[in-house]
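Me: I'd like to learn how to read a structure feature by feature. Could you walk me through this one?

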Amino acid sequence: MFEKNSKAHVILFALVLSVLCSLLITAAATGLKSKQQENMALDKKVNLLRAAGLVDVGQKPGKEKINTLYDQRIEEVVVDSQGKIMETENPKGMHLYFIHGKGTGNSHDLKDISGYIVPINTRGLWGKIQGYLAFENDGQTVSGFSVFSHSETPGLGGEIESAWFQKNFKGKKILNSQDKFVSIGIAKGKAGDLPKDEQENFVDGISGATLTGRYLSEGIKNTLMKYEGVSVTFRQKQLKAEAGDPAHE
């Protein structure tokens, strides 16, 4: 036996305490994992609903209402570069979210789809910026924008998560006055100070956050270029399911 105040006894006590703490932390983490995953899934849903304009920016309804509204109005699909629906496990596909009208279910008839949502995952000043950009059925008008993850500086670039900034996107166009794709950009100042024919393609910038605006603009443009086939499909009103897939006929 070790003497109570011996060096060996102290080392043994510290070792046992460390192991015990590690086991408790591991058990707690394991027990909370399912809850964390549930919260992440709920957070994803509420941000999609915010982008779709079905939940106000800055508000978070109860769990039951979020799940019900999401199940009724949002559908996640995988599409190819032309907007055709693919099998969900296809690695070459792109994730897209349809916004359905009330009572239309998961119909893939274009008249029953009131819009769609594109996931945004781009570089920021200090890390990734992740969010959702929603469009109306016309394939060119933005109906909403939400940011759910970023590492930008609070009070500066961090303003991308604020309601005033996100609401700026509503009504903006990804086509210019000549109907050419130009995306949506973040202005260095006020969008209203730009030439009139460019104002529809820009949102107000954030003072002191020029780089955040630049990176977000570049990321949105790169993403929308990949999804341009989807937007063209909506603009041409020719949404069709992948040939041979009876689930979407």
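Me: What area does the protein chain expose, and what share of it do carbon and sulfur atoms supply?

Reply: This is a predicted model, and its protein chain exposes about 14,300 Å². Carbon and sulfur atoms supply 54% of that area. As for the interior, 41% of the 249 residues count as buried.

Me: Which elements make up the chain, and in what order do they run?

Reply: Start with the count: there are five helices and eight strands. From the N terminus on, the order is α-α-β-β-β-β-β-β-α-β-β-α-α. A look at contacts adds to that picture: among those between residues at least 6 apart in sequence, 49% join residues at least 24 apart.

Me: In what order do the strands of the open sheet lie?

Reply: The order across the sheet is S2-S1-S3-S4-S5-S6, with antiparallel pairing among these six strands. Its edges are S2 (85-86) and S6, each of which pairs on one side only. At the S2 end, S1 (residues 74-79) pairs with S2 over two bridges, again in the antiparallel sense. Within that pair, Val79 stands opposite Ile85.

Me: And the other end? How many bridges join S5 to S6?

Reply: Six bridges join S5 (residues 128-136) to S6, and the two strands run antiparallel. One pair to find on screen is Gln130, which stands opposite Ser149 in S6. Together S5 and S6 form a hairpin with five residues between them. In the turn, look for Gly139, whose phi is positive at about 75 degrees.

Me: S6 is an edge strand, so to speak, on one side of the sheet. How many of its residues are buried?

Reply: Six of the eight residues of S6 (residues 142-149) are buried, so the strand is largely enclosed by the rest of the structure. Its place at the edge refers to pairing: S6 pairs on one side only.

Me: Now a helix, please. Which residues of H2 are buried?

Reply: In H2 (residues 63-73), the buried residues are Ile66, Leu69, Tyr70 and Arg73. To read the pattern, look down the axis: the buried residues of H2 fall within an arc of 100 degrees, so they line one face of the helix. Glu64 and Asp71, on the other side of H2, are exposed.

Me: What about nonpolar side chains on the surface? Which residues form a patch there?

Reply: Leu12, Leu15, Val16, Val19 and Leu23 form a nonpolar patch, with about 460 Å² of accessible area together. To place the patch in the fold, take Val16, which is found in H1 (residues 7-51).

Me: Can we try single residues? Is Lys111 buried or exposed?

Reply: The cut-off for exposed is over 50% relative accessible area. Lys111 has 66% relative accessibility, so it counts as exposed. Lys111 is found in the loop between S3 (94-100) and S4 (113-123). For a distance to check, the C-alpha atoms of Lys111 and His100 are separated by 9.3 Å, with the two residues 11 apart along the chain.

Me: And Glu228, buried or exposed?

Reply: Here the cut-off is under 20% relative accessible area for buried. Glu228 has 16%, so it is buried. The place of Glu228 is in H5 (residues 228-236). Leaving aside neighbours within four places in sequence, Glu228 is in contact with Ile174, Phe181 and Arg235.

Terms used: Residues are numbered from 1 along each chain as its sequence is written. This is a predicted model: local features need pLDDT of at least 70, side-chain atom pairs count only at pLDDT 80 or more; totals for chains, interfaces and linings use all residues. Side-chain values use heavy atoms; hydrogens and water are left out. Buried means under 20% relative accessible area, exposed over 50%, partly exposed in between (1.4 Å probe, protein chains only). Helices (H or I, at least four residues) and strands (E, at least two) are DSSP runs, numbered from the N terminus. Two strands pair if DSSP finds at least two bridges between them. The arc is that of the directions from the helix axis to the C-beta atoms. Patches are made of residues with over 30% relative accessible area and no salt bridge: like charges are joined within 9 Å, nonpolar side chains (Val, Leu, Ile, Met, Phe, Trp, Tyr) within 5 Å. Accessible areas come from the Shrake-Rupley method with a 1.4 Å probe; for residues, only the protein chains shown count as cover. A salt bridge is a side-chain nitrogen of Lys or Arg within 4 Å of a carboxyl oxygen of Asp or Glu. Contact means heavy atoms within 4.5 Å.
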